[in-house]
Amino acid sequence: MAGRLIELPPPRGPLTEQLFEALQGSPQAPLETPAPVDSADPIADDDLQLALYVAYELHYTAVRGVNERWEWSPALLAFRGALERPFEEAVAALVAPAATDELGSVPEALQAIVADDPGPPLSRFVESQGGEEQVREHVVHRSAYQLKEADPHSWAIPRLGPGPKAALLEVQFDEYGGGIAERMHSALFARTMEGLGLDPAYGAYLDRWPGVTLATVNLVSGFGLQRRRRGALVGHLAAFEMTSSIPNRRYGNALRRLGYGPEVTHFYDEHVEADAVHENIAAWDLAGGLAAAEPEVAADILFGARALLQVEARWAAHLMDAWERGESSLRAPLVPVAV
Amino acid sequence: MPSNQSPGAATITPYPDGPYLVRGEFTVLDQEGNELPLQRQTIALCRCGKSRMRPFCDGTHKLIGFKAPSAPEPWPGD
């Protein structure tokens with residue numbers, strides 16, 4: 001299996017124009033930090049989020065035409081920091097601060113946070129009313145994360161003490177197929193895409209993902225790549241696992257309603273069972289264990305959970321709003337599958 | 001770890017308001033002796049009774065407000 005390789009998509013504005021031009025040249029060449037980055041809505045900003053996404057992708061994948069030494073270029077990191085700041089501020093504005101009584105009972109606080117999910121009923125809509133086009137668009141959006149599933153959370157492994165580290169590895173080992181490549185969750189998602197006539201190659205739909213979709217991946221990459229945010233990364237994973245089983249059953253049901261068989265629905269069916277295990281480990285052993293061992297990150301654990309739900313809610317609202325207007329939720333509609 | 005336990009011995013842990021997680025070396029047999037194929041190393045068995053894929057947990061306990069502690073509840077004589 002070849003390593004990942006993505007293509008730089010067309011730039012979307014001044015930030016990606018500047019970044020992509022520099023990335024295609026020498027890593028020794030200067031790259032000016034844009035100061036300040038002024039964005040009306042950083043979470044949905046196509047230009048900002050794509051620039052940030054590509055900057056983070058240098059840690060995950062090869063980019064055609066881009067020298068690998070750009071990954072740790074100080075100029076690139078300074079440029080990236082200028083994008084991270086408005087994004088972090090926009091996310092923080094959506095996240096309620098942790099209450100004092102939450103900090104002593106992080107697993108219970110996480111349960112309450114996910115029970116109060118602010119998002120629109122996307123999985124219910126898709127289950128009962130989602131048409132072929134909407135289901136395929138949903139899969140294309142999700143592929144931004146699912147084709148690298150678990151990788152962003154793996155960044156925390158070296159930074160945790162033994163109890164939480166074992167818990168994270170217990171979850172991740174299962175995410176990665178128990179050590180069997182074909183059973184890796186990212187591989188299962190690729191099979192779902194193939195079954196729907198979609199391109200399963202990593203990054204194939206990069207040009208179609210709007211800013212709000214890229215933001216869902218940039219959120220977790222930003223947490224994962226900074227030791228300082230290990231609490232937020234753990235909270236993000238816990239909330240992710242805790243809000244997975246039930247919606248994934250609905251997405252599987254939608255595909256069955258549209259006539260698709262197990263080779264397409266297996267990803268979703270597997271997640272119903274796997275995340276029913278993982279959510280308990282993530283809430284109690286991982287998040288609870290980390291909060292007990294390092295109480296100074298307890299607030300950030302809850303921040304990560306709340307941030308996930310808020311950014312996912314923005315993303316889900318974008319899909320439902322577009323579909324309500326009869327428009328594609330992607331930057332360009334998918335070509336219909338030939339009948 | 002207790003000295004009479006090998007590292008592989010099965011453990012069963014009820015999670016608060018959630019399923020039983022089973023870890024280690026174990027098999028799951030139905031009442032006729034058929035072995036259930038397991039998809040992962042650590043499994044979750046339904047504790048609330050309302051999963052649609054029993055004996056395995058599917059998260060339904062959250063929808064029905066299932067409440068049960070991890071620690072043992074009082075014995076009848078307590």
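Visitor: Which residues have the most contacts inside the largest nonpolar core?

Guide: The general idea comes first: in soluble globular proteins, nonpolar side chains tend to be buried together. In this predicted model, the largest nonpolar core has 115 residues, and L23(A), V91(A) and L122(A) have the most contacts inside it. Helix 15 of chain A, spanning residues 298–324, gives the most to this core, with 14 residues. Apart from it lies another core, of five residues, including V28(B), L36(B), I43(B) and F56(B).

Visitor: What is L122(A) in contact with, leaving aside its neighbours within four places in sequence?

Guide: The partners of L122(A) are H138(A), Y251(A), W315(A), A316(A), L319(A), M320(A) and W323(A).

Visitor: Let me try a single residue. Is V140(A) buried or exposed?

Guide: V140(A) has a relative accessible area of 0%, and buried means under 20%, so V140(A) counts as buried. This residue belongs to helix 7 of chain A, residues 132–146. Not counting residues up to four places away in sequence, V140(A) touches L198(A), Y205(A), W209(A), L330(A) and L334(A). Take L198(A) from that list: 58 residues separate it from V140(A) along the chain, yet their C-alpha atoms are 7.9 Å apart.

Visitor: How should I read helix 14 of chain A, and where does it bend?

Guide: A general point about helices helps: an α-helix has 3.6 residues a turn, so residues three or four places apart point the same way. Helix 14 of chain A covers residues 262–293 and bends by about 35 degrees at A282(A). Of its 32 residues, 24 are buried, so helix 14 of chain A is largely enclosed by the rest of the structure.

Visitor: Now to the sheet. What is the order of its strands in chain B?

Guide: Strands of a sheet pair through backbone hydrogen bonds, either parallel or antiparallel. Here the open sheet has three strands in the order 1-2-3, with antiparallel pairing. Strand 1 (11–14) and strand 3 (43–45) of chain B are the edge strands, each pairing on one side only. On average, neighbouring strands of this sheet are turned by 30 degrees against each other, direction ignored.

Visitor: How many bridges join strand 1 to strand 2 of chain B?

Guide: Four bridges join them, with strand 2 spanning residues 20–23. T13(B) stands opposite L21(B), a residue of strand 2. The loop between strand 1 and strand 2 of chain B holds D17(B), whose phi is near 55 degrees, a positive value in a residue other than glycine.

Visitor: And the two chains together: what area is buried between chain A and chain B?

Guide: The size of an interface is often given as the accessible area lost when the parts come together. For chain A and chain B the buried area is about 1,800 Å², with carbon and sulfur atoms giving 49% of it. I246(A), R249(A) and E273(A) supply 31% of the area that chain A buries against chain B, more than any other three residues. The contact involves 20 residues from chain A and 22 residues from chain B. Helix 14 of chain A lies across strand 2 and strand 3 of chain B, at about 95 degrees to strand 2.

Visitor: One last backbone feature, please. Which residues does a cis peptide bond join?

Guide: R54(B) and P55(B) are joined by a cis peptide bond, with omega about 10 degrees. P55(B) sits in the loop between strand 3 and helix 1 (60–63) of chain B.

Notes: Residues numbered from 1 in each chain as written. Chains lettered and ligands numbered in written order. Predicted model: local features only at pLDDT ≥ 70, side-chain atom pairs only at ≥ 80, totals over all residues. Heavy atoms only, no water. Core = buried A, V, L, I, M, F, W, Y, C linked by side-chain atoms within 4.5 Å. Buried < 20%, exposed > 50% of the residue type's maximum accessible area, 1.4 Å probe, protein only. Helix = DSSP H or I, 4+ residues; strand = E, 2+ residues; numbered from the N terminus. Contact = heavy atoms within 4.5 Å. Bend = angle between axes of the 7 residues up to and from the residue. Pairing = 2+ DSSP bridges. Axes fitted to C-alpha atoms, helices over the stretch in contact; angles between N-to-C directions. Buried area = accessible area lost by both parts, 1.4 Å probe.
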